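Thanks, everyone, for making the time this morning. I would like to walk you through one structure, starting with how the chain is held together and ending with its sheet, so please have a look at it first.

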Amino acid sequence: MIIGKNFFITEMPKTGTSFLRNYFKTYKNIIITNHHDTIEDNKNAELLKKKYKIGTIRSPYTWYFSLWKWSCLQKKQSPLYNDLTSRRIKIKRLKLNSKLFDYFFNQITKNTNKLKSLFFDVNSKKNFNKFLQILLNHKYRNYISSDFSFTQYNELGYMTHFFFYQNVLRKDYNIFFSSKQKFSKIIKDLDTKIFTNYHFKTESLDKDLKLFLKRNKIKLKKFDNLDKNATDKRLNNDYINFFTSKNLKLIEKKENYLFKKFKYKKISKKNKN
C-alpha cells in the first residue's frame, strides 16, 4: 500500500501500481508498504479515518491480457503462475466448505506441466485463451489454488473477486465462501461496503494522479521517466484480436459488475473473431 498523511492507495495487481510506487517513493513523508498489501495488513495505521481512500482499476480486457503476459515473462515471480502450476494442499490454504473435496481432488490430479505450457509463449493466442478459460470457467476454478477456488458463486469473475478483496474489509469479503444468499444480493450489499472513495484508472493514470495531487495540495514532481510496467508497453490497439469471441463474452458476463461500476464499454458485439 501507499500511505500518506490524509490518504492511502490500495494496489490491485496489474493496474499501474508499480508506477505509483516509484512515483511516491520520491516523497519523504509517504510510506510504501509491501506491494499489494490490503488494509487488513496495516490495521495499526487507522487508514479508514483518512480523507482519501484510493483504489486502482482498469478495463477487464486489458487486465486479463496484462496478467497473462506478465506471468509469461515473470514465471515464478507471478503468484498466479505459482498457484496454477503447483499443488497447494497445506492446511492454511483450505476453507471448510462444500468445495473442499473437489479442491483436494483437483490439486492431486491436475497436470502441472500442461498448465506451465500456457506460459511458454507470450505471443500465443491459443495459450492465452486456454488461460482465460481456466480463470473464467467455474469448472476449472480449483486449479487456481487460492481463496478464489473456495468461492461459492459460479457468476463471480476472477477480477471482481480481486477487486472486492482489495476494496472491502475481509469480514465482508468472506461472504463469497458461503452460498446462503443470491449472488446479485451479495454484490449489491458488498458495493455499499466498499471503503475506497476515489479510484485511479490505468487508462488515465497520469491524469488521475495529477488531479489528485492538485486537490490534495501535494507538490507535483516529474514522472516522465518512471517505469510504468514492462508488459503494458507490449499492449497495442490490436491486443483485442487475441481474444476469442467466446472469451470476450465470458469476461463481460463474469465481470459485469466492474463494467457497469466503472463505465467500461463492452465490445464483444463489435469483435466476432
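If we take the contacts in the protein with a separation of 6 or more, 74% of them are between residues that lie 24 or more positions apart. I should say early on that this is a predicted model, and that the values I quote are computed from it.

As for the make-up of the protein, there are 12 helices and 5 strands. The radius of gyration is 19 Å, close to the 19 Å that the globule rule gives for 273 residues, and therefore the protein is as compact as a globular protein of that length. Along the principal axes, the C-alpha trace spans about 55 × 40 × 35 Å.

Turning to burial and surface, 53% of the 273 residues are buried, while the protein exposes about 14,600 Å², of which carbon and sulfur atoms supply 51%. With regard to charge, there are 60 positive and 22 negative charges in the protein, and the mean positions of these two sets are 2 Å apart.

Finally, the sheet: the 5 strands form an open sheet in the order E3-E1-E2-E4-E5, and the pairing is mixed. Which strands stand at the edges? They are E3, residues 31-32, and E5, residues 198-201, and because each has a single partner strand, one side of each is left without a neighbour in the sheet. The partner of E3 is E1, residues 2-3, and these two strands run antiparallel, joined by 2 bridges, with Ile 3 standing opposite Ile 31 of E3.

Note on methods
Residues numbered from 1 in each chain as written. Predicted model: local features only at pLDDT ≥ 70, side-chain atom pairs only at ≥ 80, totals over all residues. Heavy atoms only, no water. Helix = DSSP H or I, 4+ residues; strand = E, 2+ residues; numbered from the N terminus. Rg over C-alpha atoms; globule rule 2.2 N^0.38 Å. Buried < 20%, exposed > 50% of the residue type's maximum accessible area, 1.4 Å probe, protein only. Contact = heavy atoms within 4.5 Å. Areas by Shrake-Rupley, 256 points an atom, 1.4 Å probe, with all protein chains shown as cover. Lys, Arg positive; Asp, Glu negative; His and termini not counted. Charge placed at Lys NZ, Arg CZ, Asp CG, Glu CD. Pairing = 2+ DSSP bridges.
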